[in-house]
Amino acid sequence: MQLTPEEQAMLDGKEGKAKRKAMELLVALGAIYGADRLVPITSAHLSGVSYKTIGEGGIDFLAEMSEDGKVSVPTTLNPMGMDGERWRDMGVDEHFARRQLHIISLYERMGVEVSCTCTPYLLTNRPKVGDHIAWAESSALSFANSVLGARTNREGGPGALAAAITGRTPNYGLHLDVNRKATHVVEVEKGITKDEWSLVGHAVGRKLGACIPFFRGLGNDANGLKSIAAAMAASGSVAMFMVEGVTPEQPDRVEGLPVVKISRQDIEATVKSLRTGTGPDLIAMGCPHLSESEMKELASFLDGKEKKGDVEVWFCTSKGVWLRCPKEIAVLERFGKVLCDTCMVVAPIEGTHKVTASDSAKACSYLPGLCSQKVHCGTRRELLEMIL
Amino acid sequence: MKIKGREIFKGRAIGRLMVLDEAFSFLGGVDPKTGILTVASGREGESIEKRILVFPHGKGSTVGSYTLMDLKKNGHLPSAIVNAQAETIVATGAVMAGVPMIDSIDISLLRDGDRAVLVGDGLDMMDLVEKKVVTCVLRRKGKLLLLKRSQKVGTNKGKWAAVSGFIERGERPEQTALKEVAEETGITTARLEGRGETLHIRDGTHVWSIFPFLFEVGDEEVVLDWEHTEHVWVDVSDLKGYDTVPGFRKVLDVLGL
């Protein structure tokens with residue numbers, strides 16, 4: 001990989017230890033993927049935030065990097081393992097909370113914006129068409145590539161941090177035009193609603209794996225796009241997709257591309273494959289984090305109704321959206337907890353719950369492995385009806 | 001012998017190899033508290049600490065990068081990592097924890113317990129000796145020449161083979177090839193038609209480095225020397241009936257036959 005004199009100086013340690021380590025990591029990744037050079041980025045989004053996933057080893061790494069490391073572009077964080085204020089309500093223990101807050105303070109010391117969300121694009125970190133960025137968090141980076149037209153590979157947490165510190169990322173993969181071409185045409189059967197787009201995404205990812213699908217005649221719905229991006233990334237490592245008439249990048253040509261149909265049967269099979277438990281002791285929505293319009297929809301549906309039963313309910317969202325929705329929160333809090341900066345997948349719910357219900361195919365894919373949960377998968381309406 | 005690869009993270013290491021045959025995940029594959037491999041690695045109970053850890057490539061969750069930091073904290077890091085093909089998770093962990101790492105290594109040449117020095121982009125295998133040989137496939141009217149090795153040769157007695165011989169010090173492989181063809185078959189008008197990429201085969205403490213050549217020959221009569229007892233011209237499709245030397249099929253593959 002060809003380095004500029006400035007980049008070489010970072011690699012040689014002339015700009016401190018953190019920049020050196022960051023550059024070493026970018027050079028290693030560049031070598032593996034055959035990048036010709038580094039490309040400047042306009043923003044970064046980091047995973048590797050929950051104490052549950054990165055542990056003490058992760059803390060050591062962040063402590064080293066934060067000795068003299070500062071991010072050089074706007075940088076946001078993924079959800080952490082608990083709500084920063086209501087962690088006791090979540091059943092999180094003191095030790096976990098202390099170590100989690102320590103992780104956040106290390107990121108803060110490096111200049112990272114420390115509200116923690118998987119939907120940074122709904123708030124302050126919204127890249128523009130053609131921007132090169134370095135994002136971890138598979139759902140957010142797919143949304144950025146696809147819906148926003150920005151350019152990022154599937155970064156890991158440390159790689160994205162290295163990019164944030166140096167302001168650069170290796171130029172390969174989805175940074176290059178040649179790799180941003182549709183590979184398949186996907187047609188979704190009429191009658192499948194936007195409430196089911198998460199299941200559609202799961203089915204597409206399972207069928208096609210890492211690919212760039214082009215959805216013909218799907219329609220447009222910002223919340224649906226957020227769900228479909230998350231589900232396809234989780235089941236098929238899909239980092240980019242296109243939607244006819246919606247996404248800024250469209251296929252040059254669709255003739256000759258294999259056509260895949262998603263039918264009602266596929267949706268039913270998906271629900272069945274994800275359903276491993278019944279009788280949930282936690283119903284969790286907000287994977288990815290609920291947007292302002294979703295909070296409003298939920299609140300207007302639930303307003304005036306009474307909660308039945310005592311199953312715990314979580315509405316997970318970002319601090320930014322939480323601040324904009326005081327009235328909605330007042331309604332939702334009668335049914336469950338509106339939690340910020342965290343979610344059911346990265347919180348240590350394996351210690352507190354056994355069966356979790358979610359409307360997110362992504363959450364339903366990860367909950368068994370990461371949280372030892374049995375899973376009840378259903379649409380949002382179905383979940384709400386369980387408590388009414 | 002030296003085996004050259006590609007530097008992923010710089011550094012030096014000396015020690016014995018631990019060679020895992022399968023793709024490896026640090027997360028779940030090793031206990032970070034002890035450095036001992038788990039059942040998931042296929043080598044339960046052995047420690048990776050201070051070993052040069054060899055495996056084809058990484059797999060599994062991105063959280064695996066942090067497992068290397070845990071191993072570092074607890075003092076159980078391997079002294080280096082060698083992969084056939086590096087990927088993000090292991091490479092990231094290696095750089096984070098400061099473990100020297102190389103890839104693009106033909107790990108089929110490496111055995112558990114081999115002593116090695118890792119420097120820069122390669123491995124110096126202290127106990128391995130490289131033996132360089134040419135192997136020359138002769139073709140006449142579409143048929144290939146097979147020679148039956150005599151009882152007087154050092155290896156593969158009685159097996160069918162192509163023309164072959166050691167490359168002497170200072171000799172270029174093409175020179176050796178022409179010389180051996182003349183010595184073993186008496187043919188002096190062979191025309192070089194193609195050559196394949198060099199093959200490496202581990203055999204005890206030796207690595208055979210085989211330089212494959214393809215020659216087109218005319219009607220010249222075959223005159224054998226002491227190394228062979230019989231010869232036969234055969235179609236590629238009829239090779240199955242012959243007990244050939246190890247790696248013969250690979251030689252034909254790299255020559256496109």
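This tour moves through a predicted model of a complex, one selection after another, beginning with confidence and ending with single residues.

**Confidence**

Before selecting anything, note that the predictor gives the complex an ipTM of 0.83 and a pTM of 0.88. If you colour chain B by pLDDT, the mean you are looking at is 95, and 100% of the residues of chain B reach 70 or more. Where pLDDT is low, the predicted coordinates should not be read in detail.

**The contact between chains A and B**

Select the residues at which the two chains touch: chain A gives 18 residues to this contact, and chain B gives 19 residues. On the chain B side, the elements that each supply at least two residues are strand 2 (6–9), helix 2 (64–73) and helix 3 (88–97). Coloured by class, this side of chain B shows ten nonpolar, five polar and four charged residues.

**The sheet of chain B**

Stay with chain B and display its strands, among which eight form an open sheet of mixed pairing, in the order 1-10-9-3-6-7-8-2. The edges of this sheet are strand 1 (2–4) and strand 2 of chain B, each of which pairs on one side only. Going from one strand to the next, the twist averages 30°. Strands of a sheet pair through backbone hydrogen bonds, either parallel or antiparallel.

Start at the edge with strand 2 of chain B, which runs antiparallel to strand 8 (residues 101–103) of chain B and is joined to it by three bridges. Here you can pick out Arg6(B), which stands opposite Asp103(B) of strand 8. Now add helix 3 of chain B to the selection: this helix lies across strand 2, strand 7 (80–83) and strand 8 of chain B, and runs at about 60° to strand 2.

Next, move to strand 3 (residues 12–19) of chain B, where both senses of pairing can be inspected. With strand 9 (residues 115–119) of chain B, strand 3 pairs in the antiparallel sense over five bridges, and Arg16(B) has Arg115(B) as its bridge partner there. With strand 6 (residues 52–55) of chain B, strand 3 pairs in the parallel sense over three bridges, and in that strand Leu53(B) is the bridge partner of Met18(B).

**A loop residue of chain B**

Select Val236(B), in the loop between strand 18 (228–234) and helix 5 (248–254) of chain B. Val236(B) counts as exposed because it has 12 C-beta neighbours inside 10 Å. Apart from neighbours within four places in sequence, Val236(B) is in contact with Leu144(B) and Leu257(B). A distance label drawn to Val99(B), 137 residues away in sequence, should read 48 Å from C-alpha to C-alpha.

**The domains of chain A**

Turn to chain A and colour it by its division into domain 1 (5–177), domain 2 (181–272) and domain 3 (275–385). The centres of domain 1 and domain 3 of chain A, taken over C-alpha atoms, are separated by 26 Å. Where these two domains touch, domain 1 of chain A gives 23 residues and domain 3 of chain A gives 19 residues. On the domain 1 side, two or more residues come from each of helix 3 (51–68) and strand 4 (113–116) of chain A, and by class this side has ten nonpolar, nine polar and four charged residues.

**A helix pair in chain A**

Select helix 8 and helix 13 (residues 361–371) of chain A, whose axes come within 7 Å and cross at roughly 35°. Helix 8 makes this contact with Ala230(A), Ala231(A), Ala234(A) and Ser235(A), while helix 13 uses Ala361(A), Lys362(A), Ser365(A) and Tyr366(A). The residues of this contact divide into five nonpolar, two polar and one charged.

**Backbone exceptions in chain A**

Most residues other than glycine have a negative phi, and most peptide bonds are trans. In the loop between helix 8 (222–236) and strand 9 (242–243) of chain A, select Ser237(A), which has a positive phi of about 55° although it is not a glycine. Ser237(A) is partly exposed, because 14 other C-beta atoms lie within 10 Å.

Asp341(A), in the loop between strand 13 (337–340) and strand 14 (355–358) of chain A, likewise has a positive phi, near 70°. Asp341(A) is buried, because 29 other C-beta atoms lie within 10 Å.

Finish at the peptide bond from Cys287(A) to Pro288(A), which is cis with omega near -5°; Pro288(A) is in strand 11 (residues 282–290) of chain A.

Methods: Residues are numbered from 1 along each chain as its sequence is written. Chains are lettered from A and ligands numbered from 1 in the order in which they are written. This is a predicted model: local features need pLDDT of at least 70, side-chain atom pairs count only at pLDDT 80 or more; totals for chains, interfaces and linings use all residues. Two residues are in contact if their C-beta atoms, placed from the backbone, lie within 7 Å. Helices (H or I, at least four residues) and strands (E, at least two) are DSSP runs, numbered from the N terminus. Ala, Val, Leu, Ile, Met, Phe, Trp, Tyr, Cys and Pro count as nonpolar, Asp, Glu, Lys and Arg as charged, and the others, Gly among them, as polar. Domain bounds come from an automatic or database domain assignment. A residue is buried if 20 or more other C-beta atoms lie within 10 Å of its own, exposed if 12 or fewer, and partly exposed in between; C-beta atoms are placed from the backbone. Two strands pair if DSSP finds at least two bridges between them. Axes are lines fitted to C-alpha atoms, for helices over the stretch in contact, and angles run from 0 to 180 degrees between N-to-C directions. pLDDT is the predictor's confidence in each residue, from 0 to 100.
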